[in-house]
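Subject: The structure I promised you

Hi,

Here is the structure we talked about, and below it you'll find my notes on what turned up. Have it open on your screen while you read, and look up each residue as you go.

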Amino acid sequence: MSNRTNQAPGSLLRRWSGAHPLSLGGFVLVVAGMVVLPLVVTNPFYQNLWTRILIFGLLAMSLDVLLGFTGLLSFMHNSYLGLAAYAAGLFTINVNPESLWLAMLVGVVFTMIIAWPVGWLQVRTGGLAFALLTMAFGMMYYTVAWKWHDVTGGDDGLVAAIEHGLPKVAEEGMVPYLDINLGPWNLGNTSDPVHVYYLVLFIVVVAFILTHRMVNSPLGAVLEAIRENEERASFVGINVRRFKLIGWLVACGLAGLAGTLWMFLERNIAPDTMHAFEGAEVLMMVLLGGMGSLWGPFLGAGIFILLKDCLSSATEHWEIYVGLVVIFLVLFLPKGVAGLSSMLRRKPSENK
Amino acid sequence: MEPIISTKDLMRTFGGVTALNLVSLDIYDKQLRSIIGPNGAGKTTLINVITGKLGASGGEVFYRGQPITNYSVHKRVRMGICRTFQINSIFMGLTVYENIRIATQLHLGGSGRVFARRTSLKKVNQEAESIVDRLNLNEVAYQSVENLAYGDQRLVEVGIALACDPKVLLLDEPTAGMSPKETRHIARLIQELAKEVAVVLVEHDVELVMTISDRLTVLHQGGIIAEGPPQEISNNCDVKDAYLGSTKWAPLLETD
């Protein structure tokens, strides 16, 4: 029995992460690859595309925390990306056009303040009702963003609301570029796509590591139990509603983080991004990549966005082909691409 | 001696049907109390109301004299009121060890630790291991419970309840669907447990109930019609009347 808990002493990194050496090696390799990517891909359009993949990967991962680890479905998780993007953007336009980190903090905190009472209500329902409520609230946010023209800029997005902002910002007519400062050091500016890419990569890697820690923590074990059997979870003493709310807030906070990054990248946010169609796309990314793996959703986001890019430049009716590919993957890879890899990895160890 | 659980005039109705009718009973520590009765007598409903799965339509439930009628399920579990289910309710996608471990984690604490590893909760893991040991599930400890034989899943069901650190253990037909050998194993386990905590057993196997129980409560149409030691119950005329004509209860009538 005890040989499971007495792990062989490994490197500090390995002990800290608790990850299998193969996975850890893979992770380091992928991150290294992402670090050198802008040196290879010098076209700003593709640099922007990769940044978007990372941001949507983070959003899809946040949905995976809910869907794959807590067993809750959020149909319009993109709305929390939108909320944070609006909050960070409005903060930059109206309050402080200098600090990137403050804008990020404001975006995430605002999202969680909205998500708290909404989540409080949602966790009091179960299953389908929960999922439908996420949609109802998502539609509400969308409508507010669309109709509250004076604040949000309405259909055209935040750029249309710049005129109401600080005089300095209004003069420029755009959400300002921000300096990326770390303490006294200036590391770059969001006007450079490569700098934005590295900023996003850094935040995404940190968020991934922390989330990975969380799902493997005792707290993660509680969420897993709720996913597997809600009734039994309460009968081992779990306050199911409270922990569902924690899972929901973590997921919304991470989505909010992705939203602030979106604002730094695009310098605009329009209601489109909060639409139900986009929500379905995020869900597809998670299913494509494989839920319950955390890294799968990044892969899903990559596949989805690259596919969309290729197909939309080839044909006007790209949605049809995306749909076909998704149907194929769902039929033949029900656990997503991540499921394929764990299938391959499990084979040899089963004979032990 | 103060009862650990007592119910006073407990009522539960479903629409127009009265499932529990003024049930008052006291359950004492280190006692094996069996609840028997024909199908639909309200045995499972009684367990559901005591454990909080169902609310009471009237009356009160007390834990060591404290009214807990409106307490949530998880709060009662934390107090030590733990149960098993008639139909397996376990964490299907998890391993045997993880099934037990989550329950030990909840009562020993540490669930709020967000960035620690699960292996860092040493006491939690040790206790989970000792319960896996106790149930003789060592060989399958790291298998997903969905791949286990039914009897072993049933043991996991009991194991989870044990891992909650029960003061009162309510077992809803733990031997349902088990082989005679597995039944003996469970029976022995239940007898051992009754030396440590209060055990409430709902069981259809009358022979088993008669041999291992300290006291019996007989439910019929939602009400208690008899209560006492096994010998007394098996001689009770009311009980015989309640089951007359039901061959399923023949062993009960033969014991005298």
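Let's start with the empty space inside. This is a predicted model, and it holds three cavities of 30 Å³ or more. If you wonder how such gaps are found: rolling a probe the size of a water molecule over the atoms shows where empty space is left.

The largest cavity has about 50 Å³ of space in it. Its lining is made up of Thr92(A), Val175(A), Pro176(A), Tyr177(A), Leu178(A), Thr190(A), Met263(A), Phe264(A) and Arg267(A). Sorted by class, that lining has six nonpolar, two polar and one charged residues.

The second largest cavity comes in at about 40 Å³. Residues of both chains line it: Ala221(A) and Glu224(A) from chain A, with Leu94(B), Glu98(B), Arg101(B), Ile102(B) and Arg118(B) from chain B. Two elements each give two or more residues to this lining, namely α10 (218–228) of chain A and α3 (96–108) of chain B. The largest share, three residues, comes from α3(B). What classes do the lining residues of the second largest cavity divide into? There are three nonpolar, no polar and four charged ones.

Next, a helix to look at: α5 (150–163) of chain B. It has 14 residues, and at 1.5 Å a residue they should span 20 Å; the end C-alpha atoms are 20 Å apart, so the expected span and the model agree. Is α5(B) largely enclosed or largely open? Of its 14 residues, 12 are buried, so the rest of the structure largely encloses this helix. Among the buried ones are Gly151(B), Leu155(B), Val158(B), Ile160(B) and Leu162(B), and also Gln153(B), Arg154(B) and Glu157(B). What do the buried residues of α5(B) pack against? On the chain A side there is α11 (230–234), and within chain B there are β6 (81–83), α3, α4, β7 and α6 (180–194).

Stay with that helix for a moment and look at both sides of it. Just after α5(B), Asp165(B) takes a positive phi of about 60 degrees. Asp165(B) sits in the loop between α5 and β7 (168–172) of chain B, and it is partly exposed, with a relative accessible area of 35%. The loop between α4 (122–134) and α5 of chain B holds another such case, Asn136(B). Asn136(B) has a positive phi of about 60 degrees although it is not a glycine. Its relative accessibility is 59%, and because exposed means over 50%, Asn136(B) counts as exposed.

Now for the aromatic rings, which are fun to hunt for on screen. Over all chains, the structure holds 13 aromatic pairs. One of them is Phe130(A) with Trp248(A), an edge-to-face pair with 5.8 Å from centre to centre and 90 degrees between the planes. This pair links distant parts of the chain: Phe130(A) is in helix α6 (residues 127–147) of chain A, Trp248(A) is in helix α12 (residues 240–266) of chain A, and they are 118 residues apart. Phe130(A) counts as buried at 1% relative accessibility, and Trp248(A) is buried as well, at 0%.

Compare that with Phe328(A) and Phe332(A), a tilted pair with 4.9 Å between the centres and 45 degrees between the planes. These two are four residues apart in helix α15 (residues 318–332) of chain A, so about one helical turn separates them. Phe328(A) is partly exposed, with a relative accessible area of 49%, while Phe332(A) is exposed at 57%.

Back to the buried pair: which residues do ring pairs link into a cluster with Phe130(A) and Trp248(A)? The others are Tyr80(A), Phe137(A) and Tyr141(A).

One last residue to click on is Ala84(A), in helix α4 (residues 78–94) of chain A. Its relative accessibility is 0%, so Ala84(A) counts as buried. Leaving aside neighbours within four places in sequence, Ala84(A) is in contact with Gly107(A), Thr111(A), Gly256(A), Gly259(A) and Thr260(A). For a sense of scale, Ala84(A) and Leu324(A) are 240 residues apart in sequence, and 32 Å lie between their C-alpha atoms.

Happy exploring!

Definitions and conventions:
Residues numbered from 1 in each chain as written. Chains lettered and ligands numbered in written order. Predicted model: local features only at pLDDT ≥ 70, side-chain atom pairs only at ≥ 80, totals over all residues. Heavy atoms only, no water. Buried < 20%, exposed > 50% of the residue type's maximum accessible area, 1.4 Å probe, protein only. 1 Å grid on protein atoms, 1.4 Å probe; cavity = no way out; pocket = protein on both sides within 12 Å on 5 of 7 lines; lining within 4 Å. Points joined across faces, edges and corners; volume = space filled by probe spheres on them. Nonpolar A, V, L, I, M, F, W, Y, C, P; charged D, E, K, R; others polar. Expected span 1.5 Å × (residues − 1). Contact = heavy atoms within 4.5 Å. Phe/Tyr/Trp six-rings, centres within 6.5 Å; stacked < 30°, edge-to-face > 60°.
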